[in-house]
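The following note is offered to a colleague who is looking at this structure for the first time. It is set out as numbered points, to be read beside the sequence and the model.

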Amino acid sequence: MAGFQSNLWAPWRMEYIRSLQDETGTHGCFFCAYWADPAHDDTHLVVWREQHCFVLMNRFPYTSGHLLIATSAHEGDPLRLANEHNASLTRTTWQAVALLRRTLQPEGFNVGSNLGLCAGAGVPDHYHCHVVPRWAGDTNYMSVLGNVRVIPEGLNALYTQLVQNAVEMGLRDRPAASR
Ligand SMILES: [Zn+2]
């Protein structure tokens, strides 16, 4: 599975992001690339969009249902974000918590951000917030699973469920019938 992950997913994504960087100036940043490409929200696992920010599933989840919330601005310092972006990010983060409560019934959450590479930020130049649902006894999740952090089938099934619940909560429109 680890080979499957690195061979199939990562190169595809990096190639895609590089092409977008060349064409649209998205800084080689997948948040910017995804934000600029709403037609592919389903393949990018974007759960829903607000005017200034969006919610997407982390392909390298710490636990099942690990969500990322990012604004449309390519800015690593949250203090430099426009007020409406910060406000939208905060409100959307709590809506993401509500969506996960409804979908996965977690027993708790970790909510927050990693600022800087040394703090674990995967994309330090584009501020984003993590919402990680937690269950008692899940602390060894990563070490148990080792390198197998991505299970595409599982991600896609959960994505469908999250989208469905987001529709029911009035967070987004129903996805197009063709998808
Ligand atoms: Zn960016």
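**Note on the predicted model**

1. The largest nonpolar core has 30 residues, and those touching the most other members are Val 47, Phe 54, Val 55, Leu 56, Leu 67 and Ile 69. At least two residues of this core come from each of α2 (30-35), β1 (46-49), β2 (53-57), β3 (67-71), α3, β5 (128-134) and α5. The most is given by α2, which supplies six residues.

2. This is a predicted model, and its confidence should be considered before any detail. The mean pLDDT of the protein chain is 82, and 75% of the residues score at least 70. Confidence is highest in β1, at 98, and lowest in helix α4 (residues 141-145), where the mean is 44. Residues 1-13 have a pLDDT below 50, and this stretch has eight contacts in the model beyond near neighbours in sequence. Residues 140-150 also stay under 50, with twelve contacts beyond four places in sequence. Where pLDDT is low, the predicted coordinates should not be read in detail.

3. As to the overall arrangement, the protein chain contains five helices and five strands. Their order from the N terminus is α-α-β-β-β-α-β-β-α-α. The chain has 179 residues, of which 28% count as buried. Among the contacts with a separation of 6 or more, 60% are between residues 24 or more positions apart.

4. Which residues does Val 55 contact, apart from its neighbours within four places in sequence? They are Val 47, Trp 48, Leu 67, Ile 69, Thr 92 and Ala 96. Val 47, Leu 67 and Ile 69 are themselves among the core residues that touch the most other members. Thr 92 and Ala 96 belong to the buried residues of α3.

5. Helix α3 (residues 83-104) merits a point of its own. It has 22 residues and spans 31 Å from its first C-alpha to its last, close to the 32 Å expected at 1.5 Å a residue. Its buried residues are His 85, Ser 88, Leu 89, Thr 92, Thr 93, Ala 96, Leu 99 and Leu 100. Viewed down the axis of α3, these buried residues fall within an arc of 140 degrees, so they line one face of the helix. An α-helix has 3.6 residues a turn, so residues three or four places apart point the same way. Asn 83 and Trp 94, on the other side of α3, are exposed.

6. Strand β5 pairs with two other strands. It is joined to β3 by four bridges, and these two strands run antiparallel; the partner of Leu 67 in β5 is Val 131. Strand β4 (residues 108-112) is joined to β5 by five bridges, again in an antiparallel arrangement, with Asn 110 opposite Val 132 in β5. β5 is mostly covered, six of its seven residues being buried.

7. Two residues deserve a check of their backbone angles. Most residues other than glycine have a negative phi, and most peptide bonds are trans. Leu 45, which is not a glycine, has a positive phi of about 60 degrees, and Gln 105, also a residue other than glycine, has a positive phi near 45 degrees. Leu 45 lies in the loop between α2 and β1, whereas Gln 105 comes just after α3, in the loop between α3 and β4.

8. Are these two residues buried or exposed? Leu 45 counts as buried because it has 22 C-beta neighbours inside 10 Å, and the threshold for burial is 20 or more. Gln 105 has 9 other C-beta atoms within 10 Å and is therefore exposed, the limit for that class being 12 or fewer.

9. Tyr 159, in helix α5 (residues 152-168), offers a further point to inspect. With 19 other C-beta atoms within 10 Å, Tyr 159 is partly exposed. Leaving out residues up to four places away in sequence, Tyr 159 touches Leu 45 and Met 57. The contact with Leu 45 links Tyr 159 to one of the positive-phi residues discussed above. Tyr 159 and Val 46 are 113 residues apart in sequence, yet their C-alpha atoms are 8.3 Å apart in space.

Key. Residues numbered from 1 in each chain as written. Predicted model: local features only at pLDDT ≥ 70, side-chain atom pairs only at ≥ 80, totals over all residues. Expected span 1.5 Å × (residues − 1). Arc of directions from axis to C-beta. Contact = placed C-beta atoms within 7 Å. Core = buried A, V, L, I, M, F, W, Y, C linked by C-beta atoms within 7 Å. pLDDT = per-residue confidence, 0-100. Pairing = 2+ DSSP bridges.
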